[in-house]
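Q: Could you walk me through the pockets of this structure?

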Amino acid sequence: GALPPPGSYFLNYLTYYTASKFKGSNGNDLMPKFDLDVVANVFRLVHVTKHKILGASWAVHAFLPLVYQDVDVPGRGEVRWGIGDIIVDPIILGWHWKNLHITAGLDIYIPSGSYDKDHLANAGRNYWTFEPVFAATFLSDSGIEVSGKFMYDFNLKNSGTNYHSGEEFHFDYTVGYH
């Protein structure tokens, strides 16, 4: 929930995901053989301006994901490299008090990643998402931290499949001691 001081920052997120089962809503295997490996490297640029809006620090950020996918199902397999959907937020507001920090913004997922409805692996989702974000961090004088980031996704229709994904609520949290 805490923005850094004014300046430009580069963050790099590297993630790996693997799955060997593809299950349905009842817990049964939908495919007898399934193998998926995904590696994503996400570059994030953050710029915190010296300007204030409503008493808050004003920041902007952008994410550029590079994605490798290897998927195998019975009778078919694909390996794909590509740029994923770019995320931008032109207005992030961050308020700071002695022990409490709050940020709010609107992340916009741009359908810029490669997508083909006939592929097993797609780096992009082929639809826009608008995601309001609210985050807060409390850092006590004794070193205890409680943080939470709450996000709600409004997904638009995928023009390639005419499918409209549902809305999503998700959150990240941490409790720690420094």
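A: Certainly; one term comes beforehand: Ala, Val, Leu, Ile, Met, Phe, Trp, Tyr, Cys and Pro count as nonpolar, Asp, Glu, Lys and Arg as charged, and the others, Gly among them, as polar. This is a predicted model, where local features need pLDDT of at least 70, side-chain atom pairs count only at pLDDT 80 or more, and totals for chains, interfaces and linings use all residues. Residues are numbered from 1 along each chain as its sequence is written, and side-chain values use heavy atoms, without hydrogens and water.

Q: How do the residues lining the largest pocket divide into nonpolar, polar and charged?
A: That lining has 22 nonpolar, 14 polar and 11 charged residues. A pocket here is an open set of points on a 1 Å grid over the protein atoms alone, where a 1.4 Å probe fits, with protein on both sides within 12 Å along at least five of seven lines; lining residues have an atom within 4 Å of a point.

Q: Which residues are closest to its centre?
A: Of the 47 lining residues, the closest to the centre of the largest pocket are Phe 63, Ile 87, Asp 107, Tyr 109 and Lys 149.

Q: Which strand gives the largest share of that lining?
A: β8 does, with 6 residues; strands are DSSP runs (E, at least two residues), numbered from the N terminus.

Q: And what lines the second largest pocket?
A: Its lining includes Phe 22, Met 31, His 119 and Asn 122. β2 and β3 each give two or more residues to this lining, and β3 has the largest share, 3 residues.

Q: How many of those are charged?
A: The lining of the second largest pocket has 9 nonpolar, 3 polar and no charged residues.

Definitions and conventions: Helix = DSSP H or I, 4+ residues; strand = E, 2+ residues; numbered from the N terminus.
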